[in-house]
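Me: I would like to learn how to read a protein structure. Please take me through some features one at a time.

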Amino acid sequence: MSYGYVDTHCHFLSPTIEEAFEDHDIDVAAIEGFPVPRYGQDWTVEKHLDNARCNGIGLSFLSYSAPFPHFGDEAALVEICRQSNDMLAEIKLEHPDEIGFSALLPVPYMDAAIAETRRSICDLNADGVKLPSNVDGLYLGAKEYDPLFEVLDELNAVVTIHPEQPPVIPQDVFTAGPLPLFEYVGDTTRAVTNMIANGTVEKYPNISFLVPHCGSFLPAVIYRLNGMMNNVLIPKGLADPCDVLGQIKSMYFDVAGDALPAALGALITMVGTEKLVYGSDFPYTPGPAITQKQKALLECAELADCQEDVFRNNALRLFKRI
């Protein structure tokens, strides 16, 4: 392909957010159980653009990763989100052809989140919003999110989902150590399953949901959920009717992470390729690994007939750039 790829899963780092964790004596690397990049050392706008250009990426949509900077103080979280979104808006203004962004929202404070949604999308020209899979155990799909989702539906918004640490994690088990190995993947699955079972995606059809990491564990459990809902729970009045497979097929999925050799095929079996989008996961995935994974995706048979869509056109349609 002779044009730039579109990266829908890449992250910014913020000195404001790093300082907030430090002020609360929270060691983010200890939470993650995994090396985490740092602002200045591993990420700046210039470092991001250098990596993007080296890997043929023409347009990147930045969003915040994890952990979510919620310390039980609404005013503090509102200010963190405002400062982060202002920073992102300034970056986009300086690099309009190369940078877009999804705004960080101060959930679980829904009135504040609605206000920041409108400010970010209507005033700052955000391309969408980012929501964590849960905040202190309040998962996407819970009724408490309905007022926010009503506004997002009204605005035809793109909602990027990113995993967050679950509220309870088993101790002394390896998978509880490096959160990106299992707990983050599991929490995305838990959040999206909750949304589907509660009919959230059907209820807000104008929202475009973007699910990370090849759908996480969803390709492995979605047919089990479909059978359980339609054969047991709904007939016995234990769940409201919902279109499990229709909801999952309406969502977008990025291929960030380790898509090959197995995850990509399972994802395509679940949803096809029409709503698959590329993601690098920079700076959490370093540049050389991005290059290697990108090359493998470009050479894999599953994407041979749809490279232009997966690496560019699907994302441009998702973010209304074409």
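Reply: What follows is a set of questions about the sheet, one helix, some salt bridges, a surface patch and one residue.

Reply: This is a predicted model, where local features need pLDDT of at least 70, side-chain atom pairs count only at pLDDT 80 or more, and totals for chains, interfaces and linings use all residues. Residues are numbered from 1 along each chain as its sequence is written, and side-chain values use heavy atoms, with hydrogens and water left out.

Me: In what order do the strands of the sheet stand?

Reply: Helices (H or I, at least four residues) and strands (E, at least two) are DSSP runs, numbered from the N terminus. Two strands pair if DSSP finds at least two bridges between them. Here eight strands make an open sheet with parallel pairing, in the order β1-β2-β3-β4-β7-β8-β9-β10. β1 (5-11) and β10 (276-277) are at the edges with a single partner strand each, so one side of each has no neighbour in the sheet.

Me: How many bridges join β2 to β3?

Reply: Three bridges join β2 (residues 57-63) to β3 (residues 99-104), and the two strands run parallel. Serine 60 stands opposite isoleucine 99 of β3.

Me: Which residues of helix α6 are buried?

Reply: Buried means under 20% relative accessible area, exposed over 50%, and partly exposed in between (1.4 Å probe, protein chains only). In α6 (residues 146-154), the buried residues are Asp146, Leu148, Phe149, Val151, Leu152 and Asp153. They pack against α5 (110-123), β4 (128-132), β7 (158-162), α8 (200-203) and β8. Just after α6, asparagine 156 has a positive phi of about 55 degrees.

Me: How many salt bridges does a search of the whole structure find?

Reply: A salt bridge is a side-chain nitrogen of Lys or Arg within 4 Å of a carboxyl oxygen of Asp or Glu. The search finds 15. In one of these, arginine 53 meets glutamate 98, with the closest N and O atoms 2.9 Å apart. This pair links distant parts of the chain, 45 residues apart: arginine 53 is in helix α3 (residues 45-54), and glutamate 98 is in the loop between α4 (74-94) and β3. Arginine 53 has a relative accessible area of 48%, so it counts as partly exposed. Glutamate 98 is also partly exposed, at 21%.

Me: Where do lysine 295 and glutamate 299 lie?

Reply: An α-helix has 3.6 residues a turn, so residues three or four places apart point the same way. Lysine 295 and glutamate 299 both lie in helix α12 (residues 287-299), four residues apart, about one turn. They form a salt bridge with the closest N and O atoms 2.7 Å apart, and both are exposed.

Me: Which residues form a nonpolar patch on the surface?

Reply: Patches are made of residues with over 30% relative accessible area and no salt bridge; like charges are joined within 9 Å, nonpolar side chains (Val, Leu, Ile, Met, Phe, Trp, Tyr) within 5 Å. Phe174, Leu181, Phe182 and Phe217 form this one, with about 410 Å² of accessible area together (Shrake-Rupley method, 1.4 Å probe, with only the protein chains shown counting as cover for residues). Phenylalanine 217 is in the loop between β8 (208-211) and α9 (218-233).

Me: Is threonine 8 buried or exposed?

Reply: Threonine 8 is in strand β1 and is buried, with a relative accessible area of 3%. Contact means heavy atoms within 4.5 Å. Beyond its neighbours within four places in sequence, threonine 8 is in contact with residues including Phe61, Leu210, Tyr278 and Phe319. The C-alpha atoms of threonine 8 and tyrosine 278 are separated by 6.1 Å, although the two are 270 residues apart along the chain.
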